[in-house]
Amino acid sequence: MQLKRTNLEEKLNHIKAREKSQQSILDTVREILAEDDKKDEVILETISSHNTGNSNDFDFDLLESDKIYHIDQIKKICVTYRLRFLDTKFFKGELPYEAISKIKQLEKSHDIRLDGFKIMAPAKLFKLENYDDPLLFVPIGNGYYYLIHKWGNDLSPYRKLLMWPFKTFENFVFCTFILSILLTGLIPDGTFSDQKTSANAGIIFLFMFKSVFIVAMYYGYLAGKNFSSAIWDSKYYNA
């Protein structure tokens with residue numbers, strides 16, 4: 001059997017066509033990446049600007065029910081751990097690309113443009129580029145929010161205990177009361193009187209309680225601090 005002779009012109013045309021195909025693929029990929037970069041820019045611009053949206057038109061069949069939270073549940077966590085729940089425009093930390101990727105995925109699957117982003121995090125996150133446990137939410141409507149992404153380090157297991165005195169005014173008074181009892185017990189007998197009586201102990205306790213309460217409230221006022229139940233959704237640093 002006689003082999004077909006090689007046509008050099010055909011070979012050249014074949015190579016040229018293949019190179020055009022490869023260039024077309026590169027151009028397509030370049031266009032996709034450029035379009036993807038534009039989407040990233042739009043998302044970052046939305047996050048850093050004023051969010052006016054109170055709801056998003058989600059396809060509820062595509063949502064994960066374990067990521068839906070009511071504002072009352074969010075408030076409870078914020079008050080317990082002394083966190084803030086604010087618009088993303090106040091957030092000064094760096095938003096991880098994984099969060100942006102999840103936003104794009106949600107927008108694509110639900111065929112919407114998300115708005116109204118909020119972040120739950122310690123107050124310092126809205127001032128410093130240092131974070132413990134930010135959570136990115138977007139509103140669904142009727143007081144419900146959808147958790148998009150969580151990043152950073154988990155909160156210290158002692159944070160709940162350490163922040164308990166600042167949760168409410170009642171908690172603060174109770175802790176001041178207990179601390180005053182402990183301090184009263186540390187005062188040696190006969191410091192203020194030769195006689196050890198319940199009346200003297202009561203006077204010392206009242207003096208100690210008043211002193212601790214006034215000092216704590218005074219320095220709290222100077223530092224611009226308030227109780228967690230009052231600042232969880234406040235955008236003011238000295239709230």
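## Exercises on a predicted model

Leu179 has a relative accessibility of 39%, so this residue counts as partly exposed. The model is a predicted one. Work through the exercises with the structure open.

### Exercise 1. The surface around Leu179

Find the element that holds Leu179, then name the nonpolar patch on the surface to which Leu179 belongs.

Solution.
- Step 1. Locate the residue. Leu179 sits in helix H5, residues 169–186.
- Step 2. Check the exposure. Partly exposed lies between 20% and 50%, and Leu179 is at 39%.
- Step 3. List the patch. Leu179 is joined by Trp164, Phe174, Phe177, Ile178, Ile181 and Leu182.
- Step 4. Give the area. Together these residues have about 630 Å² of accessible area.
- Step 5. Look at Phe177 again. Phe177 also belongs to one aromatic cluster, with Phe169, Phe172, Phe205, Phe209 and Phe213.

### Exercise 2. Two aromatic pairs

Classify the ring pair Phe58 and Tyr146, then the pair Tyr69 and Phe137. For each, state which parts of the chain are linked.

Solution.
- Step 1. Set the scene. A ring pair is described by the distance of the centres and the angle of the planes. The structure has eleven aromatic pairs.
- Step 2. Take Phe58 and Tyr146. Their ring centres are 5.9 Å apart and the planes stand at 45°, so this pair is tilted.
- Step 3. Place both residues. Phe58 is in the loop between helix H1 (8–48) and strand E1 (68–70), while Tyr146 is in strand E5 (residues 144–150). The pair links distant parts of the chain, 88 residues apart.
- Step 4. Check burial. Phe58 is buried at 5% relative accessibility. Tyr146 is buried at 3%.
- Step 5. Take Tyr69 and Phe137. The centres are 6.1 Å apart with planes at 80°, so the pair is edge-to-face. The cut-off for that class is over 60 degrees.
- Step 6. Place these two. Tyr69 is in strand E1 and Phe137 in strand E4 (residues 135–141), so the pair ties together parts 68 residues apart in sequence.
- Step 7. Check burial again. Phe137 is buried at 2% relative accessibility, whereas Tyr69 is partly exposed at 29%.

### Exercise 3. Strand E4 and its partners

How many residues of E4 are buried? Which way do E3 and E4 run, and which way do E4 and E5 run?

Solution.
- Step 1. Count. Seven of the seven residues of E4 are buried, so E4 is largely enclosed by the rest of the structure.
- Step 2. Pair E4 with E3. The two strands run antiparallel and are joined by three bridges. Ile119 has Leu136 of E4 as its bridge partner.
- Step 3. Pair E4 with E5. Six bridges join these antiparallel strands. Val138 has Tyr146 of E5 as its bridge partner.
- Step 4. Inspect the turn. The hairpin of E4 and E5 has two residues between the strands, and Asn142 there takes a positive phi near 55°.

### Exercise 4. Positive phi in two loops

Arg82 has a positive phi, and Asp111 has one too. Is Arg82 buried or exposed? Is Asp111 buried or exposed?

Solution.
- Step 1. Recall the background. Most residues other than glycine have a negative phi.
- Step 2. Read the angles. Phi is near 55° for Arg82 and near 55° for Asp111.
- Step 3. Place the residues. Arg82 is in the loop between helix H2 (71–81) and strand E2 (83–87). Asp111 is in the loop between helix H3 (97–110) and strand E3 (118–122).
- Step 4. Apply the cut-offs. Buried means under 20%, exposed over 50%. Arg82 has 14% relative accessibility, so Arg82 is buried. Asp111 has 69%, so Asp111 is exposed.

Notes. Residues numbered from 1 in each chain as written. Predicted model: local features only at pLDDT ≥ 70, side-chain atom pairs only at ≥ 80, totals over all residues. Heavy atoms only, no water. Phe/Tyr/Trp six-rings, centres within 6.5 Å; stacked < 30°, edge-to-face > 60°. Helix = DSSP H or I, 4+ residues; strand = E, 2+ residues; numbered from the N terminus. Buried < 20%, exposed > 50% of the residue type's maximum accessible area, 1.4 Å probe, protein only. Patch = residues over 30% accessible without salt bridge, like charges linked within 9 Å, V, L, I, M, F, W, Y side chains within 5 Å. Areas by Shrake-Rupley, 256 points an atom, 1.4 Å probe, with all protein chains shown as cover. Salt bridge = Lys/Arg side-chain N within 4 Å of Asp/Glu carboxyl O. Pairing = 2+ DSSP bridges.
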